[in-house]
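Let's take a friendly walk through a protein model together. Keep the sequence and the 3D view open as you read.

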Amino acid sequence: MVEPLTFSDGELPADLTCQVLSFQRMQWPAGFMGANRLRDWIHHSKHHPTHFVFAEKGVLISYVGVAWKDLEHDGETYKTYGLSGVLTYPAFRRQGYGRRLVDAATAYIRQSDADIGLFTCAPGLERFYGVSGWIPMERSALLGGPRSAPYRCEEPTMMGFFSEKGKRGRATFESMPIYFDDDPW
């Protein structure tokens, strides 16, 4: 059985990095336009990415990135981790690879110093992430872009509340807009 591999920022082998980027270019082309059209990074290093992969004989099967940053919300600063760039190549779907990686990445976040977890997903995947303990935030408004001209993120928002501080702040995340600013994963 193939086992998950974990890599710190800068340690993901070049061949796997290339495969992740190739899939992301097809799946999320907006992230590879303009100044980023020749982008050679999966996540900004300032977000301290950790990479979770399934690969066999140099072939990428599945990938999950974990990134973190500090998020200001309702006068508090929350250490915020999130899943990013979750993918499984089509030939390997429905075999449990994505589930196992999301579970491993979620366990990593739970064991970290995270106050909260926050990410968006494609519509219809809320149940997939919910099985791993993520909570769909149906009433939350996640805003991106500069605070002077924010835009509402239309994808479903998923969250986890891990530290005592994060758990205490849950109600404000449900009732007040969440400004992710212009610095996405």
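Two strands are said to pair if DSSP finds at least two bridges between them. Keep in mind, too, that this is a predicted model.

With that idea of pairing in hand, look for strand β7, residues 142-144. Strand β7 pairs with β10 in the parallel sense, over three bridges. To see one of these partnerships, find L143, whose bridge partner in β10 is Y179. Now widen the view: an open sheet of three strands runs in the order β8-β7-β10, and its pairing is mixed. Which strands stand at the edges? They are β8 (151-152) and β10 (178-181). Each of them has a single partner strand, so one side of each is left without a neighbour in the sheet.

Next, turn to the salt bridges, of which the model has six. Start with D113 and K79, whose side chains meet in a salt bridge with an N to O distance of 2.5 Å. This pair links distant parts of the chain, with the two positions 34 residues apart. D113 lies in the loop between α2 (97-110) and β5 (116-120), while K79 belongs to strand β4, residues 76-88. Are the partners buried or exposed? D113 is partly exposed, with a relative accessible area of 44%. K79, at 17% relative accessibility, counts as buried because the cut-off for that word is under 20%.

Helix α4, residues 164-175, offers another kind of example. Here K167 forms a salt bridge with E164, and the closest N and O atoms are 3.8 Å apart. The two residues are three apart in the helix, which means that about one helical turn separates them. K167 is partly exposed, with a relative accessible area of 45%. E164 has a value of 53% and is exposed.

Stay in helix α4 and find E174 and R170, four residues apart and again separated by about one helical turn. Their side chains meet in a salt bridge at 3.3 Å, N to O. Both residues are partly exposed: E174 has a relative accessible area of 25%, and R170 has one of 32%. The story also takes in R139, since salt bridges that share partners join R139, R170 and E174 into one network.

Let's finish with two buried residues. Where is T157 found? Its place is in strand β9, residues 157-161. T157 has a relative accessible area of 6%, so it is buried. What does T157 touch once its neighbours within four places in sequence are left aside? Its contacts are L118, F119, T120, I135, P136, M137 and L142.

The other buried residue is S132, in the loop between α3 (126-130) and β6 (135-136). With 10% relative accessibility, S132 counts as buried. Which residues does S132 touch, not counting those up to four places away in sequence? They are R99, V102, D103, T106 and R110. D103 deserves a second look: a polar contact of 2.5 Å joins the side chains of S132 and D103.

Notes. Residues are numbered from 1 along each chain as its sequence is written. This is a predicted model: local features need pLDDT of at least 70, side-chain atom pairs count only at pLDDT 80 or more; totals for chains, interfaces and linings use all residues. Side-chain values use heavy atoms; hydrogens and water are left out. A salt bridge is a side-chain nitrogen of Lys or Arg within 4 Å of a carboxyl oxygen of Asp or Glu. Buried means under 20% relative accessible area, exposed over 50%, partly exposed in between (1.4 Å probe, protein chains only). Contact means heavy atoms within 4.5 Å. A polar contact is a pair of N or O atoms within 3.5 Å; within protein, one must be able to donate a hydrogen and the other to accept it, and residues adjacent in sequence count only if both atoms are side-chain atoms.
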